[in-house]
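Thank you for coming, everyone. Please have the sequence and the picture open while I talk, and stop me if a term is unfamiliar.

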Amino acid sequence: VQGLIDRPEVAVDGERRLMTIMFCDMSGFTAMSEGMTPRGLVKVMNHYFTVMSAPIRNNRGVIDKYIGDAIMDYWGPPFIEEAEQAQLACLAALDMADQVPALQQQLPDLLGIRHMPAQCDLRIGIATGEVLTGSIGSELMMSFTVMGDAVNLASRLEAANKFYGSRILIAQATAAALKTSVELREIDRIAVAGQTVPQPVFEVMA
């Protein structure tokens, strides 16, 4: 908010910027939610969002929105330097994955049950590219958000984890922008919906 107050034209006029986008989804959510009361599900989701939002905030990401059980967030100017964004996003993703074992233990206690109906885990997709930033919406309601191919790619990579049995997949542009502090392995070359040329995708290991 302070970044937008300092530069109100960013929100009003919109800009094209290089940013890094993350989508995080809870795997096993559908199976888990079917056996829960509404009150129990609200407790679980609020705790899950609280736990997973902290690493994003701690690594200077901006949480754009919660969509069902998914979190959309981004890194980039005017909030942080362009050179830092890919690394901070991947460090946040690793921190989020580190929270999963504790989360799996906490949720049954939270509900007062011995076992969860299904075990929860994470799927994360990260992409870097030029996006449109600005206040998007209607005359009744607007939000400062990001739109573009990199947003769609991050969402597709999050879903692709299901196919590869991985947790964190990142796009080629994100991998190219990383410093040496993050260990990657190339998983495959894929063309997601809307793209014709296959691109390498990488798993963030440690």
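Before I place any residue, I should say what the labels mean: helices and strands are DSSP runs, a helix having at least four residues and a strand at least two, and they are numbered from the N terminus. With that in hand, we can say that I80 sits in the loop between β3 and α5. Please also keep in mind that what you see is a predicted model.

Let me stay with I80 for a moment. Is I80 buried or exposed? Its relative accessibility is 6%, and since anything under 20% is called buried, I80 counts as buried. If you look along the chain from I80 to L111, which is 31 residues away, you will find that the two C-alpha atoms are separated by 38 Å.

On the other side of that loop comes helix α5, which covers residues 85-98 and includes Q85. Q85 is buried as well, because its relative accessible area is 2%. What lies 3.1 Å from a polar atom of the Q85 side chain? The partner there is the backbone oxygen of L18.

Now let me go back along the chain to helix α4, residues 38-58, and ask how its length compares with what we would expect. At 1.5 Å a residue, its 21 residues should span 30 Å, and the end C-alpha atoms are indeed 30 Å apart, so the two values agree. A good part of this helix is hidden, with G40, V44, M45, Y48 and F49 among its buried residues, and V51, M52, S53, P55 and I56 also buried.

Just after α4 we meet R60, whose phi is positive, at about 65 degrees, and I point this out since R60 is a residue other than glycine. R60 belongs to the loop between α4 and β2, and it is partly exposed because its relative accessible area is 40%.

That loop leads us to the strands. Strand β2, residues 62-67, and strand β3, residues 70-75, run antiparallel and are joined by 5 bridges; to give you one pair to find on the screen, V62 has Y74 in β3 as its bridge partner. The two strands make a hairpin with 2 residues between them, and in the turn G68 has a positive phi of about 60 degrees.

Further along the chain is helix α7, residues 149-164, where 16 residues reach 22 Å from the first C-alpha to the last, close to the 22 Å expected at 1.5 Å a residue. Its buried residues include A150, V151, L153, A154 and L157, and E158, A160 and N161 are buried too. Just after this helix, G165 takes a positive phi of about 70 degrees.

Helix α7 also brings me to my last topic, the space inside. How many cavities of 30 Å³ or more does the structure hold? There is 1, and the volume of the largest cavity is about 40 Å³. Its lining includes L153 and L157, together with A171, Q172, I190, V192 and Q195, and Q199, P200 and V201 line it as well. Both α7 and β8, which is residues 199-204, supply at least two residues each to this lining, and β8 gives the most, with 3 residues. By class, the lining has 7 nonpolar and 3 polar residues, and no charged ones.

That is the end of my tour, and I am happy to take questions.

Note on methods
Residues are numbered from 1 along each chain as its sequence is written. This is a predicted model: local features need pLDDT of at least 70, side-chain atom pairs count only at pLDDT 80 or more; totals for chains, interfaces and linings use all residues. Side-chain values use heavy atoms; hydrogens and water are left out. The expected span of a helix is 1.5 Å times one less than its number of residues. Buried means under 20% relative accessible area, exposed over 50%, partly exposed in between (1.4 Å probe, protein chains only). Two strands pair if DSSP finds at least two bridges between them. On a 1 Å grid over the protein atoms alone, a cavity is a set of points where a 1.4 Å probe fits but cannot get out, and a pocket is an open set with protein on both sides within 12 Å along at least five of seven lines; lining residues have an atom within 4 Å of a point. Grid points are joined across faces, edges and corners, and a volume is the space filled by probe spheres set on the points. Ala, Val, Leu, Ile, Met, Phe, Trp, Tyr, Cys and Pro count as nonpolar, Asp, Glu, Lys and Arg as charged, and the others, Gly among them, as polar. A polar contact is a pair of N or O atoms within 3.5 Å; within protein, one must be able to donate a hydrogen and the other to accept it, and residues adjacent in sequence count only if both atoms are side-chain atoms.
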